[in-house]
Amino acid sequence: MTRIAFIGLGNMGGPMAVNLVKAGFAVRGFDLAESSKKMAAESGVTIAPSIADAVQDAGTVITMLPAGQHVLDVWNEVVPRLPQGTLIVDCSTIDVASAGTAHELAAAAGLRSVDAPVSGGTIGAKNATLTFMAGGDPKAFAAAKPILEKMGAKIIHCGEAGAGQAAKICNNMILGISMIGVCEAFTLGEKLGLSHQALFDVASTSSGQCWSLTSYCPVPGPVPASPANNGYKPGFATALMLKDLRLSQEAAQATGAVTPLGAHAQALYQAFSDAGHGMVDFSGIIAYLRQQTKK
Ligand code: NAD
């Protein structure tokens with residue numbers, strides 16, 4: 001079975017690497033942070049002393065890092081060390097331009113590369129139920145799929161290089177906008193004397209239905225598992241939503257796409273974050289909207 005090098009063992013990468021170990025792969029991981037290495041090691045991931053050591057003899061390299069610059073730094077270090085034909089997969093959420101540069105680096109060295117960002121958060125990473133949105137040559141995708149299947153429940157090939165990142169930021173722009181829409185509706189409903197449950201019962205079976213309402217309801221009660229029932233503990237932190245909205249707006253600017261609601265959602269999440277709520281679940285923005293409400 002192919003040996004896998006896993007670079008970036010944080011909140012997402014750690015449990016993803018562990019799932020590969022559980023599936024029977026020999027995984028050698030590396031991270032800069034002692035805490036990340038310790039957590040992964042305790043769950044069976046072999047920790048390498050350096051990136052060079054991690055990728056030695058690996059048939060597949062996976063990266064799961066904070067942002068585009070980290071990915072490019074790591075790929076610049078790793079790519080020259082890998083024999084032609086090695087598969088390299090980036091699962092981080094990064095800007096489309098950096099994803100393109102990473103694919104070019106790999107192609108120039110004769111490697112097969114896939115961008116495969118994920119949705120499903122830390123719970124999906126732990127339970128191997130992530131959705132992977134992949135971009136890259138069909139043959140590279142076919143090689144990556146059996147590995148991704150050990151970490152996720154749904155693996156979608158979205159198109160050529162960078163298409164996975166494009167799908168991820170478009171999806172999360174919908175999510176940011178729709179969450180604010182749902183929060184505004186509950187805020188208005190409160191002003192009109194409507195109970196949360198009544199609004200939920202109507203909207204969840206009517207044309208207002210969406211994931212932000214039915215799976216992630218921003219008020220306590222109607223959806224018991226939503227972060228609103230747990231003091232808005234993430235879940236999906238506002239800082240991460242803001243990162244994804246920023247990426248979507250950078251892409252919109254670069255391509256000339258008109259996304260006024262995406263831009264407005266970014267501005268609202270920026271204000272919520274600036275008010276000290278970056279680590280609050282993104283559905284907690286309902287409190288910020290209530291605060292703005294005129295008495
Ligand atoms: P994290 O900060 O917990 O983990 C990132 C890890 O990368 C850290 O342990 C850090 O030490 C390590 N790292 C940074 N530079 C490195 C380098 N040069 N070499 C080796 N290791 C390095 O972040 P996370 O929550 O695991 O997120 C990872 C990626 O997944 C991000 O791009 C994020 O946007 C995306 N994502 C996160 C979630 C989520 O809910 N956390 C959901 C979907 C997607």
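In which loop is glycine 235 found? In this predicted model, glycine 235 belongs to the loop between helix H10 (211–214) and helix H11 (238–255). A cis peptide bond, with omega of about 20°, joins proline 234 and glycine 235. Tyrosine 232 is found in the loop between H10 and H11 as well. Although tyrosine 232 is not a glycine, its phi is positive, at about 60°. The relative accessibility of tyrosine 232 is 17%, so this residue counts as buried. Most residues other than glycine have a negative phi, and most peptide bonds are trans.

The overall architecture of the protein chain comprises 13 helices and nine strands. Its radius of gyration is 20 Å, close to the 19 Å that the globule rule gives for 295 residues, and the chain is therefore as compact as a globular protein of that length. The C-alpha trace spans about 65 × 45 × 35 Å along its principal axes. Of the 295 residues in the protein chain, 49% are buried. Among contacts with a separation of 6 or more, 64% are accounted for by residues 24 or more positions apart.

The surface and the charges were also examined. About 13500 Å² of the protein chain is exposed, and carbon and sulfur atoms supply 58% of this area. The chain carries 20 positive and 21 negative charges, and the mean positions of the two sets are 6 Å apart.

A second positive phi is associated with alanine 128, a residue other than glycine, for which the angle is near 60°. Alanine 128 is placed in the loop between helix H6 (121–127) and strand E8 (130–135). With a relative accessibility of 21%, alanine 128 counts as partly exposed. Alanine 128 is also among the contacts of asparagine 19. Asparagine 19 lies in helix H1 (residues 13–22) and is buried, its relative accessible area being 7%. Beyond its neighbours within four places in sequence, asparagine 19 is in contact with Ala125, Lys126, Asn127, Ala128 and Lys150.

The structure holds zero disulfides. Cysteine 158 takes part in none, and the nearest cysteine sulfur, that of cysteine 170, lies 9.9 Å away. Cysteine 158 is partly exposed, with a relative accessible area of 33%. For cysteine 217, the closest cysteine sulfur is that of cysteine 183; the distance of 8.7 Å is too far for a bond. Cysteine 217 is buried, with a relative accessible area of 0%.

Definitions and conventions: Residues numbered from 1 in each chain as written. Predicted model: local features only at pLDDT ≥ 70, side-chain atom pairs only at ≥ 80, totals over all residues. Heavy atoms only, no water. Helix = DSSP H or I, 4+ residues; strand = E, 2+ residues; numbered from the N terminus. Rg over C-alpha atoms; globule rule 2.2 N^0.38 Å. Buried < 20%, exposed > 50% of the residue type's maximum accessible area, 1.4 Å probe, protein only. Contact = heavy atoms within 4.5 Å. Areas by Shrake-Rupley, 256 points an atom, 1.4 Å probe, with all protein chains shown as cover. Lys, Arg positive; Asp, Glu negative; His and termini not counted. Charge placed at Lys NZ, Arg CZ, Asp CG, Glu CD. Disulfide = S-S within 2.5 Å.
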